[in-house]
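Visitor: Hi, I've got a structure open and would love to talk it through. Could you keep me company while I look around?

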Amino acid sequence: MYAETLGNPLINIVDIEAIAKIAREAGIPLVIDNTSLAYLCRPFEWGADIVVHSATKYIGGHGTTMGGLIVESASFPGTTASSRG
């Protein structure tokens, strides 16, 4: 399941905790794009399994490079860190 912390273009605010509960019940990971609130919101604390950020928008900033970040919480069964035991 995928959601943005603040949806583009309407700036909808997602209820991460409610969506995380639905994802857990369905047995699928919740991926949150936290690009717009990278310094203000902590999706792992609300139940996200994976958080992504666009490095192009806020870290590079000038459009001269492309990049991104993917961070996993290791809370979802089968993810790399949770599989290590």
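Visitor: Let's start with the sheet: what is the order of its strands?

Guide: Happy to help! One thing to keep in mind is that this is a predicted model. The four strands form an open sheet in the order E1-E2-E3-E4, and their pairing is mixed.

Visitor: Which strands stand at the edges?

Guide: Those are E1, residues 2–4, and E4, residues 68–72. Each has a single partner strand, so one side of each lacks a neighbour in the sheet.

Visitor: And how much are neighbouring strands turned against each other?

Guide: On average by 20°, with direction ignored.

Visitor: How do E1 and E2 run, and how many bridges join them?

Guide: E1 and E2 run parallel, and three bridges join them. E2 covers residues 31–33. If you'd like a spot to click on, Tyr2 stands opposite Val31 in E2.

Visitor: Nice. Moving on to His53, where is it found?

Guide: His53 is in strand E3, which spans residues 50–54.

Visitor: Does it count as buried or exposed?

Guide: His53 counts as buried, because its relative accessibility is 19% and the cut-off for buried is under 20%.

Visitor: So what does His53 touch?

Guide: Setting aside residues up to four places away in sequence, His53 touches Asn34, Thr35, Ala38, Gly68 and Leu69. With Asn34 there is also a polar approach: a polar atom of the His53 side chain lies 3.4 Å from the backbone oxygen of Asn34.

Visitor: Change of topic: where is Gly47?

Guide: Gly47 sits in the loop between E2 and E3. Its relative accessibility is 17%, so Gly47 counts as buried.

Visitor: Which residues is Gly47 in contact with?

Guide: Beyond its neighbours within four places in sequence, Gly47 contacts Ala20, Arg24 and Leu30. You could also look at Ile19: it is 28 residues from Gly47 in sequence, and their C-alpha atoms are 8.5 Å apart.

Visitor: Last one, on charges: how many salt bridges does a search of the whole structure find?

Guide: The search finds one. In it, the side chains of Glu45 and Arg42 meet, with 3.4 Å from N to O.

Visitor: Are those two residues buried or exposed?

Guide: Glu45 has 56% relative accessibility and therefore counts as exposed. Arg42 counts as exposed as well, at 58%.

Terms used: Residues numbered from 1 in each chain as written. Predicted model: local features only at pLDDT ≥ 70, side-chain atom pairs only at ≥ 80, totals over all residues. Heavy atoms only, no water. Helix = DSSP H or I, 4+ residues; strand = E, 2+ residues; numbered from the N terminus. Buried < 20%, exposed > 50% of the residue type's maximum accessible area, 1.4 Å probe, protein only. Polar contact = N/O pair within 3.5 Å; in protein donor to acceptor, adjacent residues only side chain to side chain. Contact = heavy atoms within 4.5 Å. Pairing = 2+ DSSP bridges. Axes fitted to C-alpha atoms, helices over the stretch in contact; angles between N-to-C directions. Salt bridge = Lys/Arg side-chain N within 4 Å of Asp/Glu carboxyl O.
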